[in-house]
Amino acid sequence: MHKFPASLFCIILFFSLFGFPQVVKASVDAVQQQRNISISGVVEDSKGEPIIGANVKVSGGTIGTITDLDGVFKLTVPAGSKLVISFIGYDTKTVEAKNNMKVILEESALALGEVEVVAYGAQKKVTVTGAISSVKGGELTKTPTGSVSNMLSGQLTGLTTVQYSGEPGKDAATIFVRGQATWRDSGPLIQVDGVERSFNEIDPNEIESITVLKDASATAVFGVRGANGVVLITTKRGQEGKAKISITTSASIITPTETIDKANAYDYALFYNKMQKNDDPTAAPMFSDEVIQKFKDHSDPIRFPDTDWVEYCLKDAAIQTQHNINITGGTQSVRYFISAGAYTQNGLFKQFDLPYDLSYQYNRFNYRSNLDIDVTKSTTISLNLGGSVDNSYKPYTGQGSEGMLKNMYWATPFSSPGLVDGKMVYTTTEYGLPFVGGSGMTYYGGGFMSTSVNKLTSDIILNQKLDFVTKGLSFKVKGSYNGSFTNYKNGVASIATYTPVLRGDGSIAYKKSGENSQVSYKEEESGKARNWYMETGFNYDRTFGEHHVSGLVLYNQSKIYYPSTYSDIPAGYVGLVGRATYDWKSRYMVEFNIGYNGSENFAPDKRFGTFPAGSIGWVISEEDFWKPIKPIINYMKFRVSMGLVGNDKIGGSRFMYQPDPYGINNETAPNRLGYGYFFGINNGTISKGAYEQARNNADVTWEKAFKQNYGVDFSLLNDRLKTGFDYYKEHRKDILLSDGTAPSVLGFTLPPANLGIVDSWGWEVSLKWNDNIGKDFRYYLGLNLSYNQNEIVEQKEAPLNNAYQYAKGHRIGARSLYKFFEYYNENTPQRYKEVFGQEFPTQLQTLQNGDCVYVDLDNNGKIDTNDMSREFGYTDDPEYLAGINMGFSWKNFDVTLQWTGAWNVSRVIDDLFRRPFVSGSTNNQGGLLQYHVDNTWNAENPSQSAAYPRATWVNATNNYAASTLYEKDASYLRLKSLQVAYNFNFPFMKKIKLNTCQLALSGYNLLTISDYMWGDPESRATGSPTYPLTKTYSLSLKLGF
Amino acid sequence: MATCMSISALFSCVDDVKFGDAFLEKAPGGSVTKDTVFNNAEYTRQFLTSLYSYQYYGLPYYNGSGDFPEANNPYVGKCEVLSDCWHANWSGSAMYNRYYSGSHTAGYGRLADKWHYITNRVWQAVRAGWLLIENVDGVPGLSNEEKLSIKAEAKCIIAARYFDTFRHYGGIPIIKASFSGTDASYDMPRGSVEETVNFMVGLLDEAAASLPWNVDESEASNEEGHWTKAAAMALKCRILLFAASPLFNDTEPYHTDGTNNPAVWYGAYKPELWTRCKNACAEFFTELNKNGHYELVQATGVRPQDYRLAYRKGYATMGSSEILLRVSVTTTDAFKSGYYSWHQWSDPLMSVQRTSYCPTQEYVEMFPWADGTPFDWDKTAADGKLDQMFLTGTVAKGNITLTRDPRLYEEAIVNGQQKTLDWTTGNMSGQSFEMWVGGTDAQLRPETQSGAYGTGYAPIKFLMGDDMLRQYTEWPYLRLSEMYLTYAEALLQTGDLAGAIKQVDVVRSRVGLGGLAECNPTKNLKSDKSALLQEILRERVCELGMEDCRFFDMIRYKMKDRFEKQLHGLRIYRLDASGNRVKTAWYNGDRKNGVEMPTTFEYERFEISAPTRYWWTNGFDPKWYLSPFPQTEVNKGYGLVQNPGW
């Protein structure tokens, strides 16, 4: 690092030499002055807000200025001249120069203004021919949540988000761009300021915009990294002008969206005895009448407790706060954006008396400084420095972060009364309880895990205009560094537990077992990551009359240290990027992109690949023949693109082209999946083993995606309605897989080969209506809707009897399920025959009334795995995702709502959500949902509409088989965010230069409409339940100076 | 140029400056490949060591996945519970939810078949064995003698892995080399029973020729566990016994669809197969007499507990003189280790009893009285001696006397049995197990038919409660007492009944039982072949309980009737002074009030009903004698013909 300043100095010196002549040239001015007048004016937007930093220029002249913080400009201009007033995102206006003028700029027809962020640069939005969608940072911060990915849900077309978990600091959504086109890693490439970085730890206040690149035209330049789509996050930068200070602070209350009701002890016992009776009418009941009575009257809450673990362990609400202060501004030559933020989220778990934090608390501190320095008129150096420190605390369960939830769900209500006088009490079977079962507080006293992550990112970018070589040419070089250091600190402890002992006099004493131990800190492994990125290239952008051309040639390379496999060998990428665009009058556009990439993970003769893409665009509304329609359809553009992109995320393995790897000196015992062995008598020394680890394939290469996109954008009715539509399809081939058709008796898994094929396709619509009623009421309504579908064309699965059994021919993630017919009764065989015209098949087991009946899909008279089909239902990731954004402003009020909906999505419930009394270790001493108690078929009320079949252990194989009965619609419509803001306008504000003072009430996940009963529809109801998703009520204050 | 230099300077603080292809990293140098291993004597020996890690271990001990042998997963369970001697009531196991329920099919996935064809590390072991045999000759630094020995051990392990699979499936594809995986198509039909047997026996014969009879005693403390000539010859006998048995060797196939399938039927009854087995046994015992080393562990006293200790030491102590080959997966048993969950999941002393292996009443009644005379329930009941059927005396009086075959107390926990047996003296100590309904240990479980006490008996073999704490664990893959019984059966089947009885008596006398013929004077054992066969099979399960004997005996002899027999448990009711049933504990109960330990009980043999087995009511389909091949594997079309009925 110490060499940096010297190098920097070199660069500055070098470019200063080229830059100075231009500076000298610039100060020549007009001699022959006409009569000049002094004018002043104010530039405002249609809401009456001053526009700061707008360009005011005399038409055809060199005189100009920009507006100040109040939107005011002052100029001395020749009398009678015209002023051209422009600002990014607004239509440029030309007006006559007068004194005390007021100019109102209309928002431009294109939502994000004039430029769109694209790969390695920006383009005029009107000439963009690829499939790109974007959102401004300001839209995101209205959603009071900590991770950016959750703010994106429903904001953009073509982006699927699924938030499985609400765990603080780990609640980031899984993101797909245009769904999944491979069953391997289908996550998109995510870049922050042009460098691959995670964005979930970024303070949303730092974000200027987020852009999603979807088609080949937009992503081809990323070569082997681009096939899954690309998400570009751009941070804010300073604008010339006085310092603007923005302060936001908010405090929120978080509550779980849905918690699951568990049966109380009384219902538990009754249900248990009944389930037993179902299996064996002669069986002695597990829970005796005396025990049941105790559960009912709660007369002995220590020996026969009835604990609702969810309620006992979870708080009703927790606090979340978010604070940010940022300063932006600059002079003509130095511009800055400096931000500091803090985010704290308390966990929902109660702390009880423990001296250490295990509540799932999460804190994060962010900082960022983005500087742009014009070293000369043609040389700009930008320095970005950003980072975060985050800390999280959770209990030590030995089962990861799921452990706590799992144990809570698997617990029985009578296992423990919880803490009694600070003692952790467990019940015992000595007083008639047939078993104790699991407690929901096994974590209690077990210690904690704290994780601290320290991230630093920095960029240095030099931009040199090379107009002296040829006009429009510029040179850029960029170097970036990302570092992160993670420290895991675990404190392991244990506590004494107690079991109640009934004394002769009826009082209760406690028998102690185990001892309290101090927390023993163990510094667990610390993780580190470091990577470097550099790019350098030439950019050319020039207009020749009605012709506009641009070109880009760029070289980049990156090195990632400590990758997950072969961590001692850094992963490197090199790439060449090329782009050429041409447009005529912004009416006909042609664009060509190419990426040329190399990755060392492939054999030397297979390392480099070329990924070309082309696109064309036609703004038909500019044609003469359009004129008659133009008042109605103000604008219309057609776009077509196609090209090839790659994906090298082929499952985490590296160097698969090498000879087959063997393991040696393996000292792991067979019981831990090792290859060592114990020879000798009572000999604890292991003999080392050597073994064949895997088979490799010298020919492995990346996945290839051939993508096509057809789009149309238009706006109607004076640009009040803006619409975009895209249809796309993709053919992904060379997906890595291990051929499953070879005999298993070969004794090894066949080496991965590029044999898989997936087709995917879909469409996206976005609509935005913007209007005002009267002067004070403005409103907008935006809708975006995305549909994505895919089909596995080839997966080389082991042969199956029927086409419907294969993953091939179905959507990625399609489940193999039996088709549920109905609950069995004596009429079922007859009805089955009527419906299917076939004899009633032999079921998985001998059925009793109320058992599940499945459909014999292959009509061979018996139900077996050949009747499991992947043709039913949907998958975890929705096919349709919709977002509705609406809002209005009235006088000083601003109201925005954001709805997100998803459909054609389902979850298969499993574990205790499917089967009563299951836990991780038993099938008959685990937890029970209230939903089971209420909705299980029973002989007294033999309803076909019950949610669960007759409860049974004996027929569990039949009744709890994976079937369409347990595939549950997880469609939802939710009010993702709602904000009501009031903008104060106190007289004193002017005095203290306070421009903005906004108080806002907002909420996140406020309302969820769904038929799904097993927690939040986005979470999973399986053996690995996740931290509950949360809803947030927030009060925030925003001040702008 | 200056620009480039500046940039170079910028990055020079990181690394050497490289661009383009040169920037990319090289693949890891010095990575270990086949050449590394087979150019180095030490690594080649390691390769042999890893082959040992692939061997069969007979207990389910870890909920593992991936390359983990599935049969060792408690969620599969031990197939002994399909026999008439044990019953499982844990619904998580495949034994319960697929076999007892009758729902097993060829379309099975993970954790469903008693011996999944693919996921028991069999084929990996076969491949690794051939890789070793194919490559060992070129390894520098190994003597010819060592090369021969390495190849012989590899052959033994291949043969053993074949037999582990053969006894579940019949004839299987015969693989005689390692594959490259690049073939366009495969033709690997099942070998016939005959071919498969000859393949295994051939490997073992070759191996026996190059192996020492036993691991040299001076090296045993570090090298015991290796295959020996004795083990190779013993496995050969076991294979030939299985092959000669009626399952494959009969006038008709076990299933009507097996007529044209030589992989499941010899095609006729071939008495010479029994002769072949008998000869192999005779060869083994000739060698044993010549070389010695192996012998049954004998008692040092004449109390039943002395015999019990001798038996326990014989099967459970590492380096026991009667174990011909043992397999280890870990060192000592720490009880609570999830990596050896056999105890944690199955021991009746654990508060959560998950995988239950409850002995049945039928099994317990197979054990004779301590003198060797057969046990008869009706007679005992009529004599009013049921209270003495397990033992007499009490802990308080210090006069507990075991009344039955001493092995019973190693196979099942019975009422009154004390919790500890001293490893040196054989003295029993600790509290008595209270197996009655409401008793301290059994609690209500015999009534609810749940947990390890679900039948009124609890398992003890390989568990042994606290006695096993921190003891070394092992699986006795081949044990000498099995050899006597195998020889006995072969002699019987070739007509030498007297010779057979003599072999059985070797095993009986070790635990203090009288001679078989003397103890059963009414059964004409010296002339009644079928009666003697029944006695040999009974003796086998008493001696080899939980050692993968009974289930395979039942399929070897196609015991459809035995499978279909409703099994029983025993409910013991404590009686109070006035003869009323009281479901209360003594040790954890009224002992504190000065009540003496109860000794009078009422006994009720009950029909096991939770769960029942499909074939008790629906009949036993002969297809269940062998496992189905996974349908997907059959569908691959390389010649794997499905077993009949599936």
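This is a guided tour of a predicted two-chain model, giving selections to make in the viewer and what is found at each.

Residues are numbered from 1 along each chain as its sequence is written, and chains are lettered from A and ligands numbered from 1 in the order in which they are written. Because the model is predicted, local features need pLDDT of at least 70 and side-chain atom pairs count only at pLDDT 80 or more, while totals for chains, interfaces and linings use all residues; side-chain values use heavy atoms, with hydrogens and water left out.

**Chain A as a whole**

Select chain A, whose secondary structure comprises 12 helices and 48 strands; helices (H or I, at least four residues) and strands (E, at least two) are DSSP runs, numbered from the N terminus. The C-alpha atoms of chain A occupy a box of roughly 115 × 70 × 70 Å along the principal axes. Its radius of gyration is 33 Å, in agreement with the value near 31 Å for a compact globule of 1041 residues; this radius is taken over C-alpha atoms, and the globule rule is 2.2 Å times the number of residues to the power 0.38.

Of the 1041 residues in chain A, 57% are buried, where buried means under 20% relative accessible area, exposed over 50%, and partly exposed in between (1.4 Å probe, protein chains only). Among contacts (heavy atoms within 4.5 Å) in chain A between residues at least 6 apart in sequence, 69% join residues at least 24 apart.

**Two loops in chain A**

Go to Asp193(A), in the loop between strand 13 (189–192) and strand 14 (195–196). Phi of Asp193(A) is near 50 degrees, a positive value in a residue other than glycine. Asp193(A) counts as buried, at 12% relative accessibility.

Next, select Asp856(A), in the loop between strand 41 (852–854) and strand 42 (880–890) of chain A. Asp856(A) is buried, with a relative accessible area of 4%. Leaving out residues up to four places away in sequence, Asp856(A) touches Tyr832(A), Pro841(A), Gly861(A), Lys862(A), Ile863(A) and Asp867(A). For a distance check, pick the C-alpha atoms of Asp856(A) and Glu797(A): they are separated by 23 Å, and the two residues are 59 apart along the chain.

**From chain B to chain A**

Select Ala27(B), in the loop between helix 1 (2–12) and helix 2 (34–37) of chain B. Ala27(B) is buried, with a relative accessible area of 18%. Display Ile569(A), Phe655(A), Tyr657(A) and Gln658(A) as well; these are in contact with Ala27(B) when its neighbours within four places in sequence are set aside.

**Chain B as a whole**

Now show the whole of chain B, which has 24 helices and 13 strands. The radius of gyration of chain B is 28 Å, close to the 26 Å from the globule rule for 646 residues, so chain B is as compact as a globular protein of that length. Along the principal axes, the C-alpha trace of chain B spans about 110 × 65 × 55 Å. Buried residues account for 65% of the 646 in chain B.

**The largest nonpolar core**

A nonpolar core is a set of buried Ala, Val, Leu, Ile, Met, Phe, Trp, Tyr and Cys residues joined through side-chain atoms within 4.5 Å. Select Phe287(A), Tyr117(B), Val197(B), Trp227(B), Phe284(B), Phe390(B) and Tyr477(B), which touch the most other members of the largest core, a set of 301 residues. Helix 9 (residues 229–244) of chain B gives the most to this core, with 13 residues. Apart from it lies another core of 18 residues, among them Leu152(A), Leu156(A), Leu159(A) and Val231(A).

Centre the view on Trp227(B). Beyond four places in sequence, its contacts include Tyr52(B), Glu153(B), Cys156(B), Leu235(B) and Tyr477(B).

**Further stops in chain B**

Select Glu489(B), in helix 17 (residues 480–493) of chain B. Glu489(B) is buried, with a relative accessible area of 0%. Outside its neighbours within four places in sequence, the contacts of Glu489(B) include Trp274(B), Arg540(B), Arg556(B) and Tyr557(B).

Move to Asp548(B), in the loop between helix 20 (529–543) and helix 21 (550–556). Asp548(B) has a positive phi of about 60 degrees, although it is not a glycine, and is buried at a relative accessible area of 10%.

Finish at Pro611(B), in the loop between strand 13 (601–607) and helix 23 (614–618) of chain B. The peptide bond from Ala610(B) to Pro611(B) is cis, with omega near -5 degrees.
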